[in-house]
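Please open the model in your viewer and keep a selection box at hand, since this tour moves from one selection to the next.

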Amino acid sequence: RGQTAVAEQQSALKTATGLWAEATTAATTQRRDEVMHDKVAAVTGFFDFIKKHPAAVRSQDVQAWRLKLEADHLKPATVYARISRLSSFYTWVMKNTQLAAAISANPVVLARAKAPRAFQGESTKSFTDEQMQQLVSVVREKADSESIIAKRDYALLLFYTVTGLRRSEIINLRGTDVEQEGDKFILRGRVKGSDYVEREMCDTDAQDALKEYLRASKRLSVLGTKAPIWTRHDRAGRPGAPLTSHAFAHNLKLYAAEAGIQKIHIHQLRHTFGRMVADETGSLDEVQEALGHRNRSTTRVYVQRITRKRDKHSRRISERLRKTV
């Protein structure tokens, strides 16, 4: 009888977590199935650890789980994300009139630690101009040697560097997401938060690099279709499955080592873009707009300080002061 009750509880919990993940993940979310899987895994991981009915869980149980995750040497951001998902599950349960009768309080509220500071670590460091010049030079030289993989990686590197777009936003580009309009490319797609945006890309080097890659791989026809822009290639250069960001990250580390850069992360290209925009404009507002941040405090993490504010007003003010009545 006891085993039957446990089995029924586990089945009910599996159903509930699946419904919660479905209800709280937007249909437009990129890699939606993976996101839902991660959500369910976080919540079921807690209940596998604590071995209690959801209604019997207390804040001490959540605290014990948090300490266990930290003891497993998970990153603070990962621990916080898993606990946040558990909190989201309880919030969803309490909105259900039938389930709320058994669960009247969210046990996570008193046990959740403060959110870790965003983007702390090696991936937050931008490259210097000299490092980027050397990295681009190394990849461009390999691309010039007629290697299709290097041509693809060169175009990818430029796309990441000159747009500042996020890892998934570049690697997931499809033929319908890239359109030539006069002397510029229009890039379309979902960004973080599921907003749909269009972005201009005027850099001719990046445009030419993409065209050369598609020409060399005999895939120019991909533009305007739903096929992926970036694919894997066999030794003969024939295209295969869509390229993953992990595969590009692996190649990027090899290029970086040759350029004398010991550690590299794709996200550093976005930070480098933010630093360069800050250097060029001297404006945190410009950086926030360029990176597509909703929260200004997130932009401040990318640009710890803007060393020089551009003088846009002193000459005009001085001219007004010199005017005579």
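Begin by selecting D153 and R152, both of which are buried. These two residues form a salt bridge in this predicted model, with 3.0 Å between their closest N and O atoms. Side chains of opposite charge can pair when their charged atoms come close.

Move next to helix α11 (residues 266-281), where D279 and R275 lie 4 residues apart, about one turn of the helix. Their closest N and O atoms are 2.9 Å apart in a salt bridge. How exposed or buried is each partner, D279 and R275? D279 is partly exposed, with a relative accessible area of 43%, whereas R275 has a relative accessible area of 18% and is therefore buried.

Now select K68 and D72, whose side chains meet in a salt bridge at 2.7 Å, N to O. K68 is partly exposed at 36% relative accessibility, and D72 is also partly exposed, at 39%.

For a selection of several residues, take E146, K151, E212 and R215, which are linked in a network of salt bridges. By the rule applied here, the count comes to 16 salt bridges.

Stay on E146, which is found in the loop between α6 (129-144) and α7 (148-163), and look at its backbone: phi is near 80 degrees, a positive value in a residue other than glycine. E146 is exposed, with a relative accessible area of 53%.

Finish at K218, in the loop between α9 (204-216) and β4 (231-233). K218 is not a glycine, yet it has a positive phi of about 55 degrees, and at 75% relative accessibility it counts as exposed.

Notes
Residues numbered from 1 in each chain as written. Predicted model: local features only at pLDDT ≥ 70, side-chain atom pairs only at ≥ 80, totals over all residues. Heavy atoms only, no water. Helix = DSSP H or I, 4+ residues; strand = E, 2+ residues; numbered from the N terminus. Buried < 20%, exposed > 50% of the residue type's maximum accessible area, 1.4 Å probe, protein only. Salt bridge = Lys/Arg side-chain N within 4 Å of Asp/Glu carboxyl O.
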